[in-house]
Amino acid sequence: MISSVLLRMIFVLTAYGFPSKITTGRPALQTTDGNDPIAVFVSCGDRWEMTKMFRLDSDSNFLKYRLKTVSSIAEYRALVIGDHNQELIALDKEIPGIALDIRYATSDNLMKQPVYRIAAAYMRAPAAKALKAIEGELNKKGVGLKIFDGYRPYAVTVKFYEQYHDTAFVASPYTGSKHNRGCAVDLTLLDLKTGKELKMPTPYDSFTKESNSNYPTSDAEALKNRELLKAMMLSHGFLTVADEWWHFDFAGWEKYPVMDISFELLIFNYATADYKLPGILLKKKLQYE
């Protein structure tokens, strides 16, 4: 028997067809059920791919860890309407040209497998604006930022914890992390001419004593670069984290709730910002660039 979801999707395809032009990674066609979309077709280069859009594992994670999270588009939109600083901003849109190296969208991370389906970096509006100011100052020195990670859905933090059960290096699911609040960023510096990372005491996500943000490294070049990064971040409202030279928290993170909204849903949210949700079916065809 054909499911109601498939029937609705067939209806959308029949009624609207595929758009002639689409920006890669943005939703093309979608259905909704309750507060969030069920599925979305996204452009993946030369092919179309259907991506399921259910709410991560928010309900089951709440039953295990009893932490309330913002986990639907409806909740998120209400939050932003009440306070525009709560908006999660895509860093590559706020800071054109910034380098992204989203390791958690690859297998080059502590989980040894992708935990994000989309390589994206978001932060709360004030934090994103602070990074933009930092990038501008660094550019005058021939240096730029490279972002490894920003906002991290709570469900991913749960996966980290259930894999390692070590809150020395991964956040507790009972409290969530600053990444889950959109108020933490993992980053380094790069040379704008070569595009190569500047030398640091350790690689990213190297959980050794040398990764401490105050470790007395004997490498003068690495020390100089680490201290430049720290000085720039501290002067724009960020705080250091002792165990990780690459990790900075945005001051005032307590004002922002733990979020459990996937990157796909955030993309959907911005692409459909003028549409009324919830609804059984979005009535209009999205406009594309």
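Glu227 is partly exposed, at a relative accessible area of 31%. In this predicted model, the side chain of Glu227 meets that of Lys230 in a salt bridge, with 3.4 Å from N to O. Both residues belong to helix 7 and stand three residues apart, which is about one turn of the helix. Lys230 counts as buried because its relative accessibility is 10%, below the 20% cut-off.

Salt bridges that share partners also build one network, made up of Asp101, Arg103, Asp108, Lys146 and Glu197. Within that group, Arg103 pairs with Asp108, their closest N and O atoms lying 3.4 Å apart. Arg103 is buried, with a relative accessible area of 14%.

A further pair is Lys199 with Asp219, where the closest N and O atoms are 2.5 Å apart. Lys199 and Asp219 both sit in the loop between strand 8 and helix 7, so their bridge ties together parts that are 20 residues apart in sequence. Lys199 is partly exposed, with a relative accessible area of 39%, and Asp219 is partly exposed at 24%. In total the structure holds 14 salt bridges; the table gives three pairs.

| Salt bridge | N to O distance |
|---|---|
| Arg103 and Asp108 | 3.4 Å |
| Lys199 and Asp219 | 2.5 Å |
| Lys230 and Glu227 | 3.4 Å |

In general, side chains of opposite charge can pair when their charged atoms come close.

Ser213 is placed in the loop that runs between strand 8 (184–191) and helix 7 (220–234). Its relative accessibility is 2%, so Ser213 counts as buried. Leaving aside residues up to four places away in sequence, Ser213 touches Arg226, Glu227, Lys230, Thr240, Val241, Ala242, Glu244 and Trp245. Two of these contacts, Glu227 and Lys230, are the partners of the salt bridge in helix 7. Ser213 and His247 are 34 residues apart along the chain, and their C-alpha atoms are separated by 8.8 Å.

For the protein as a whole, the secondary structure comprises eight helices and 10 strands. The chain has 289 residues, of which 49% count as buried. Among contacts between residues at least 6 apart in sequence, 68% join residues at least 24 apart. The exposed area is about 14,200 Å², and carbon and sulfur atoms supply 55% of that area.

Terms used:
Residues are numbered from 1 along each chain as its sequence is written. This is a predicted model: local features need pLDDT of at least 70, side-chain atom pairs count only at pLDDT 80 or more; totals for chains, interfaces and linings use all residues. Side-chain values use heavy atoms; hydrogens and water are left out. Helices (H or I, at least four residues) and strands (E, at least two) are DSSP runs, numbered from the N terminus. Buried means under 20% relative accessible area, exposed over 50%, partly exposed in between (1.4 Å probe, protein chains only). Contact means heavy atoms within 4.5 Å. Accessible areas come from the Shrake-Rupley method with a 1.4 Å probe; for residues, only the protein chains shown count as cover. A salt bridge is a side-chain nitrogen of Lys or Arg within 4 Å of a carboxyl oxygen of Asp or Glu.
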